[in-house]
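Okay, thanks for coming, everyone. Let me put the thing up on the screen and then we'll walk through it together.

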Protein chains: 2
Amino acid sequence: MPSRPTPFPSAASLQATSTATIEDVARMADVSIATVSRAIHTPEKVATSTRQRVNQAIAITGYTTNAMARSLRMGRSNMILVLAPDIGDPNFSSILVGLENEARAHGYGVLIGHTQNDPERGLDYLKFLNSNQAAGLLLFTGHAPFGHQMMTERLPPTVGLFEPVFNGRVSYVGVDDLAGARKAAEHLLSAGHRRIAFIGESRTKLGHQRRLKGFELALDAARIPASDRMVLEGDGTIESGRLALEQIFMRGDAPTAFMCVNDATAIGVVNGLSARGYELPRDMSVIGFDDIPQATYVHPPLTTVRQPRSAIGRQAMALLLQSLDAPPEPPREILIMPDLIVRGSVTGPQRR
Amino acid sequence: MPSRPTPFPSAASLQATSTATIEDVARMADVSIATVSRAIHTPEKVATSTRQRVNQAIAITGYTTNAMARSLRMGRSNMILVLAPDIGDPNFSSILVGLENEARAHGYGVLIGHTQNDPERGLDYLKFLNSNQAAGLLLFTGHAPFGHQMMTERLPPTVGLFEPVFNGRVSYVGVDDLAGARKAAEHLLSAGHRRIAFIGESRTKLGHQRRLKGFELALDAARIPASDRMVLEGDGTIESGRLALEQIFMRGDAPTAFMCVNDATAIGVVNGLSARGYELPRDMSVIGFDDIPQATYVHPPLTTVRQPRSAIGRQAMALLLQSLDAPPEPPREILIMPDLIVRGSVTGPQRR
DNA sequence: TTGTATGCGTTATCAT
DNA sequence: ATGATAACGCATACAA
């Protein structure tokens with residue numbers, strides 16, 4: 001019995017090879033690999049009939065462009081690397097969604113690198129970048145990745161987001177810290193508070209500095225004397241809120257309201273206050289910043305300033321994607337105005 | 001004035017080129033690229049003196065292997081892809097640290113893909129895998145990535161972790177759900193409870209099913225009649241805890257204790273109970289599972305079963321790295337025994 | 001011990 | 001409209 005001819009020249013050989021390459025497709029469609037490549041990237045330059053044959057072959061083989069080869073050839077990948085020190089940051093998740101949506105819309109994929117603020121890991125990702133495995137870099141870290149100078153020089157287009165980047169001249173997308181903090185302080189002021197404590201890390205964190213500035217501007221405008229203001233150090237963790245509270249009570253001159261640099265700090269303060277027997281918000285007002293999910297589950301629920309997380313993600317990615325072709329010079333800074341979210345942790349000061 | 005000879009043949013040309021390649025190193029060390037490659041990967045096969053020249057050249061140029069080219073050539077990368085549906089999962093962060101430590105120790109890097117349970121995104125990452133951009137796959141998702149069948153067939157070595165993988169025959173590393181749940185139930189029992197409600201999603205989630213089984217085994221052993229057991233549906237979100245609670249009260253026969261499939265559910269129950277004016281744990285006991293950070297910040301702090309997160313991460317990566325050379329057949333399942341964490345949400349039942 | 005040459009899967013240039 | 005081929009950067013079989 002004569003062997004039945006297969007519809008395509010090399011149908012048999014296909015099963016042997018693991019992943020279909022452009023060559024498999026070419027053979028099956030009976031064209032050159034150049035034509036296959038064209039059919040994919042510039043379909044209008046290919047005759048309709050051949051294009052159809054190629055597409056059919058692609059469908060049958062399940063061919064997907066080998067991104068490694070493509071990037072090697074092109075000197076640029078279509079992946080964006082996001083570097084984050086702490087994946088667990090409650091802000092990170094929804095910013096990421098914004099980033100990814102925007103990236104997808106432009107044909108880019110998103111990869112996340114977890115640095116844990118460890119220079120070693122930073123170096124690893126630097127190497128990753130160095131071999132063009134990502135076309136652009138998004139810094140959620142507040143600083144450029146650490147590593148050999150040689151490598152930091154050759155960084156791809158980069159934009160920082162959420163936390164201002166203190167080293168490296170890069171574009172930045174984030175909340176308008178100053179304006180947001182000012183809104184928060186004004187909310188406290190208009191509730192009648194005059195003795196207010198601010199808790200934050202003003203020395204190294206740029207974002208915290210800006211929030212402190214907004215706080216001070218608002219109090220200046222309300223002509224609150226310096227003697228009625230307290231500024232306490234706190235690195236932005238829940239624990240730092242508790243600690244700052246201890247200091248306040250050690251010094252003995254409690255304020256009527258706390259303005260915390262972020263919600264984590266505020267949660268620490270709320271917990272500490274409750275533990276000391278204060279009833280909130282009757283005895284003391286607390287306001288936060290960020291509006292993380294946990295802000296709702298504390299008692300009383302936190303009045304706070306909401307980070308426009310999704311917008312930050314979207315705009316940061318948009319800016320980066322633009323920068324891929326021509327990095328803006330000088331770097332741009334996009335500040336998004338946040339909204340005040342009024343919940344239950346602020347009322348007027350108690351009569352004393 | 002005669003031009004001063006440069007110490008190396010092509011020192012000048014280096015500045016022009018963007019990133020140093022193996023060829024730059026070869027020229028500078030005055031050897032062939034093959035020798036450079038060998039000096040890096042099999043140093044013992046290279047004369048000491050040449051090796052030194054090569055190393056020096058590498059140091060000067062800041063050369064790093066182009067991972068794209070290397071992987072293309074070798075047909076395998078040194079990156080591991082972790083697929084997670086929700087980066088914000090409070091369990092994810094510390095598992096990740098375990099994964100990364102183990103990976104680093106073996107010279108592998110970790111990349112995270114955020115699928116959001118979206119098949120489109122899954123397909124993207126499938127393409128990523130398909131071109132050998134990752135040597136192995138870790139599934140935090142509870143299921144294999146969705147995509148064209150053609151591509152799912154060609155998956156690299158894979159292991160699931162944290163949540164049993166319901167499609168795809170893959171190895172798995174996670175907590176011993178059954179034993180952990182049994183411990184929790186026994187804790188409730190030994191506190192004196194006999195009317196206990198279980199809240200969880202027993203239909204589609206394998207892990208939930210196992211926890212329910214552990215619950216039932218413990219109650220069987222204590223000879224609790226079926227009439228004293230309640231099993232309520234809840235998908236594991238905070239909201240699902242509240243909802244299940246509603247159902248209980250609608251039916252009117254409240255238990256004395258709640259065993260929740262996870263902490264999120266338990267937090268929903270605790271909140272709901274507090275909102276209804278119950279004082280915990282005096283009026284009602286609640287036990288969770290996972291020991292997420294938030295378990296500490298609810299009142300009363302949650303008694304729960306702790307996920308061995310770091311161990312899960314470490315062992316899953318170790319298993320995957322082994323599987324790279326020879327995938328175990330049949331797939332292995334590593335179950336880690338969890339500890340009961342006693343806090344304040346469980347006491348004896350109220351006298352009625 | 002070292003060098004030459006080939007191929008990994010693409011894209012792009014130049015012919016035809 | 002299509003095909004042949006070079007080059008991307010590297011690892012390695014084979015020669016020397």
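So, to start: which residue follows α2(A), and what is the sign of its phi? It's Asp30(A), and its phi is positive, near 60°. Before I go on, some housekeeping: this is a predicted model, so local features need pLDDT of at least 70, side-chain atom pairs count only at pLDDT 80 or more, and totals for chains, interfaces and linings use all residues. Residues are numbered from 1 along each chain as its sequence is written, chains are lettered from A and ligands numbered from 1 in the order in which they are written, and side-chain values use heavy atoms, with hydrogens and water left out.

Back to Asp30(A). It has that positive phi although it is not a glycine, and it's found in the loop between α2 and α3 of chain A. When I say helix I mean a DSSP run of H or I with at least four residues, strands are E runs of at least two, and both are numbered from the N terminus. Asp30(A) is exposed, at 60% relative accessible area. For the cut-offs there: buried is under 20% relative accessible area, exposed is over 50%, and partly exposed is in between, with a 1.4 Å probe and protein chains only. In helix α2 itself, residues 22-29 of chain A, the buried ones include Asp24(A), Val25(A) and Met28(A).

Chain B has a positive phi to show as well. Asn132(B), a residue other than glycine, has phi near 55°. You'll find Asn132(B) in the loop between α7 (119-130) and β3 of chain B, and at 30% relative accessibility it counts as partly exposed.

While we're on backbone geometry, here are the cis peptides. His299(B) and Pro300(B) are joined by a cis bond with omega about -5°, and Pro300(B) lies in the loop between β9 (285-287) and β10 (304-306) of chain B. Glu329(B) and Pro330(B) are joined by a cis bond too, with omega about 0°; Pro330(B) is in the loop between α13 (309-325) and β11 (333-336) of chain B.

Next, the DNA, starting with strand C. Which residues come nearest to DNA strand C? Out of 25 residues around it, they are Ile22(A), His41(A), Arg73(A), Thr35(B) and Arg73(B). "Around" means that a heavy atom of the residue lies within 4 Å of the strand. Of the strand C atoms within 4 Å of the protein, 62% belong to sugar or phosphate, and the rest to bases.

For polar contacts, the cut-off is a pair of N or O atoms within 3.5 Å; within protein, one must be able to donate a hydrogen and the other to accept it, and residues adjacent in sequence count only if both atoms are side-chain atoms. On strand C, Thr35(B) has a polar side-chain atom 2.5 Å from a phosphate oxygen. Ser37(A) puts a side-chain N or O atom 3.0 Å from a phosphate oxygen, and Tyr63(A) has a polar side-chain atom at 3.0 Å from one. At least two residues of this surface come from each of α3 (33-41) and α5 (67-74) of chain A and α3 (33-41) and α5 (67-74) of chain B.

Now strand D. Of the 25 residues around DNA strand D, the nearest are Thr35(A), Ala47(A), Ile22(B), His41(B) and Arg73(B). Sugar and phosphate make up 61% of the strand D atoms within 4 Å of the protein. Arg38(A) reaches a base here: a side-chain N or O atom is 2.9 Å from a base nitrogen. Ala47(A) uses a backbone N or O atom, 2.8 Å from a phosphate oxygen, while the side chain of Tyr63(B) has an N or O atom 2.8 Å from a phosphate oxygen.

Last topic, the aromatics. How many aromatic pairs are there over all chains? Eight, where rings of Phe, Tyr and Trp (its six-membered ring) pair if their centres lie within 6.5 Å, with planes under 30 degrees apart called stacked, over 60 edge-to-face and the rest tilted. Phe92(A) and Phe140(A) have ring centres 4.8 Å apart and planes at 70°, so that pair is edge-to-face. Phe92(A) sits in helix α6 (residues 92-105) and Phe140(A) in the loop between β3 (136-139) and α8 (149-153) of chain A, 48 residues apart. Both Phe92(A) and Phe140(A) are buried, and together with Phe162(A) they form one aromatic cluster.
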